[in-house]
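Here are a few short exercises to help you find your way around a new structure. Try each task yourself before reading its solution.

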Amino acid sequence: MSQESGAAVEPTAGTGRSARPLDEVDRRILDELVRDGRTSVRTLAERIHISRTNAYARMQRLLRDGVVTGFRAQVAPEAAGLGTSAYVALQIEQNTWREVSAELARVRYIAHAALLGGDHDVLALVRAPDNATLRDVVLGRVQGIAGVLSTRTWLVFEEFDGERSPWQ
């Protein structure tokens, strides 16, 4: 489904400094945290076979360096009433990505957006309760953003995470 109008996503600003490379223990900590973000430092240390002091210090460094950006619940969209998902690609006017990104960040039901290089300028993941809401988000809200030239929507039939993801 192709629509006129488009939108962009706000980029994440970097700190301007290089991150310290992760070693095997750091990767194992991340694996455990992705598996269960509520894991205590004590349990983490036991599973990885390091001291609690070492586990705590590494956790603090991973947080300080921005490797771990927070802890949150993973919500199953369908079980939470968001049974319709779609990717929406946007084309935007040149040099409007900051404004478009700021507006997109305020659009309800946009779960994620990314600024791209290629045929489209922005790709947004929309999770809505139903097709009517998806239509309102795309045709009403997103296409109404100044700077959006066009949108193209792909309905998601099924989703899965890759088995070879480094943190799963």
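**Exercise 1.** How do the residues of the lining of the second largest pocket divide into nonpolar, polar and charged?

*Solution.* Start with the term: a pocket is an open set of points on a 1 Å grid over the protein atoms alone, where a 1.4 Å probe fits, with protein on both sides within 12 Å along at least five of seven lines; lining residues have an atom within 4 Å of a point. Next, list the lining, which includes Pro77, Leu82, Arg127, Phe157 and Glu159. Then sort by class: Ala, Val, Leu, Ile, Met, Phe, Trp, Tyr, Cys and Pro count as nonpolar, Asp, Glu, Lys and Arg as charged, and the others, Gly among them, as polar. The result is 5 nonpolar, 3 polar and 4 charged residues.

This is a predicted model, where local features need pLDDT of at least 70 and side-chain atom pairs count only at pLDDT 80 or more, while totals for chains, interfaces and linings use all residues. Numbering starts from 1 along each chain as its sequence is written, and side-chain values use heavy atoms, leaving out hydrogens and water.

**Exercise 2.** Which pattern does the protein follow along the sequence?

*Solution.* Count DSSP runs, numbered from the N terminus: helices (H or I, at least four residues) and strands (E, at least two). There are 5 helices and 5 strands. Reading along the sequence gives β-α-α-α-β-α-β-β-α-β.

**Exercise 3.** What share of the 168 residues is buried?

*Solution.* Apply the cut-off: buried means under 20% relative accessible area (1.4 Å probe, protein chains only). Buried residues make up 33% of the protein.

Key: Buried < 20%, exposed > 50% of the residue type's maximum accessible area, 1.4 Å probe, protein only.
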